[in-house]
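Reader: Please show me the model, so that I can put my questions about it one at a time.

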Amino acid sequence: MFNNNILRLHLMLLCCVLVIGKPSPRSNPSPAPWDWQVEQVDYAKYNKYEEEMKKMLEQPYFARVNNKTAVKRGEVAFLPCRVKEMNEGYTVSWMRLSDVTILSVGSLAFSSDQRYGVVHVSRPRIQADDWTLLINTTTTMDSGKYECSVNTMPKISHVVELVVEDPMDIIMQDSPYTKSTKPPFTSLDNAMTASEEDNQYPGPSALAVISGPATHHVSSGSTIGLECRISHLSTPPTSLYWKKEGKVFTARDRPGISLESEKVPGVSTTRLFISHVTTDDSGQYSCCSDIATPDTVRLVVTRASPGSALTGHNSCSNISSTHGLPAL
């Protein structure tokens with residue numbers, strides 16, 4: 001019982017220490033009860049916040065438009081950007097994201113490339129403005145993402161992706177724009193002649209010319225290169241491709257070939273490289289396009305010591321018509 005009394009006394013002393021010894025707040029040692037009717041409210045501060053919120057609501061914003069545009073090579077690309085609530089003091093800019101190049105500021109083109117332009121159309125009925133970026137004579141290098149932005153705080157932006165399709169890529173996928181209706185050649189007797197090609201491709205004044213002789217003799221295992229040029233062009237061709245025995249010739253038909261094409265005004269060029277040729281590669285090869293009369297050469301592969309044969313501009317003195325160049 002004596003021990004219980006001592007324990008109770010210790011507990012009472014401990015409670016007193018905890019209650020009396022509790023520290024008071026440093027800022028206000030003797031706080032008074034809060035009276036909401038007495039405290040002064042800083043209404044000016046809240047009015048300032050309200051004005052800032054109104055300004056944010058009145059800032060421009062983008063309307064929903066297509067964010068992806070696809071065109072064919074050489075066509076004009078229109079990249080849309082519609083801004084609503086476009087008040088004074090705000091400016092629309094276009095930028096190419098691939099190299100962070102400013103293309104336009106407002107209605108002023110900011111690029112030395114004359115292909116770029118901006119068309120501004122005001123639409124007061126819907127309280128919007130269209131700022132459309134134009135790219136004339138598009139190339140595959142124009143493919144990528146472009147950003148339309150407004151100089152708000154913080155800046156707002158809208159990204160449009162441009163895809164420029166090259167018809168040559170479609171041809172390489174065995175889907176040419178012009179397919180031959182002639183059956184494949186089975187012998188030299190029914191090979192395509194110049195007069196037949198003139199009848200098949202009436203109209204165009206441009207001519208495709210394959211460099212070198214009309215017949216190329218190469219050794220088995222060599223690498224052959226054919227170069228074709230189309231000159232005096234006011235506009236580049238839409239399609240430029242090769243045919244073997246009257247059929248479109250692609251890497252799907254013969255692994256180990258390489259195709260290079262440069263379609264530009266003036267002179268357009270295409271090159272065909274065939275590595276490790278065999279007797280199966282012998283045949284008629286034609287350079288074709290949509291605006292020029294084709295040219296045709298014959299390739300003859302013989303079983304001889306391997307080397308490398310690439311067509312050039314120098315002719316041979318013998319009947320082989322082979323252009324020997326350094327091996328690839």
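Reader: Which residue in S19 does Leu240 stand opposite?

Author: This is a predicted model, in which local features need pLDDT of at least 70 and side-chain atom pairs count only at pLDDT 80 or more, while totals for chains, interfaces and linings use all residues. Residues are numbered from 1 along each chain as its sequence is written, and side-chain values use heavy atoms, with hydrogens and water left out. Strand S15 (residues 240-244) and strand S19 (residues 283-289) run antiparallel and are joined by five bridges, where a strand is a DSSP run of E with at least two residues, a helix is a run of H or I with at least four, and both are numbered from the N terminus. Within S19, the residue that stands opposite Leu240 is Ser289.

Reader: Which strands stand at the edges of the open sheet with the order S13-S21-S19-S15-S16?

Author: Two strands pair if DSSP finds at least two bridges between them, and in this sheet of five strands the pairing is mixed. Each edge strand has a single partner strand, so one side of each is left without a neighbour in the sheet, and these edge strands are S13 (215-219) and S16 (247-248).

Reader: How many helices and strands does the protein chain have, and what share of its residues is buried?

Author: The protein chain has four helices and 21 strands. Buried means under 20% relative accessible area, exposed means over 50%, and partly exposed lies in between, with a 1.4 Å probe and protein chains only. Of the 328 residues in the chain, the buried share is 34%.

Reader: Which residue of S20 is the bridge partner of Ala206?

Author: A second open sheet of five strands follows the order S17-S18-S14-S12-S20, again with mixed pairing. Strand S17 (257-262) and S20 stand at its edges with a single partner strand each, so one side of each is left without a neighbour in the sheet. S12 (residues 206-210) and S20 (residues 292-293) run parallel and are joined by two bridges. In S20, the bridge partner of Ala206 is Ala292.

Reader: Which residue of S14 is the bridge partner of Val209, and which residues make up the uncovered face of S12?

Author: S12 is also joined by three bridges to strand S14 (residues 224-233), and these two run antiparallel. The bridge partner of Val209 in S14 is Arg229. The covered face of S12 holds Ala206, Ala208 and Ile210, and the uncovered face holds Leu207 and Val209.

Reader: Is Asp281 buried or exposed?

Author: Asp281 has its place in the loop between strand S18 (266-274) and S19. Taking contact to mean heavy atoms within 4.5 Å, and leaving aside neighbours within four places in sequence, Asp281 is in contact with Lys244, Arg254, Ile274, His276, Leu299 and Val301. One of these, Leu299, is 18 residues away in sequence, and its C-alpha is 7.5 Å from that of Asp281. Because its relative accessibility is 3%, Asp281 counts as buried.

Reader: What is the phi of Glu245, and in which loop is its place?

Author: Glu245 is buried, with a relative accessible area of 17%. Although Glu245 is not a glycine, its phi is positive, at about 55°. The place of Glu245 is in the loop between S15 and S16.

Reader: Which residue is joined to Pro154 by a cis peptide bond?

Author: Pro154 is found in the loop between strand S10 (144-150) and strand S11 (156-165). The peptide bond leading to Pro154 has omega near 0°, and this cis bond comes from Met153.

Reader: How much space lies in the largest pocket, and which residues lie nearest its centre?

Author: On a 1 Å grid over the protein atoms alone, a pocket is an open set of points where a 1.4 Å probe fits, with protein on both sides within 12 Å along at least five of seven lines, and lining residues have an atom within 4 Å of a point. Grid points are joined across faces, edges and corners, and the volume is the space filled by probe spheres set on the points, which comes to about 200 Å³ for the largest pocket. Of the 15 residues that line it, those nearest the centre are Arg73, Gly74, Thr138, Pro236 and Pro237.
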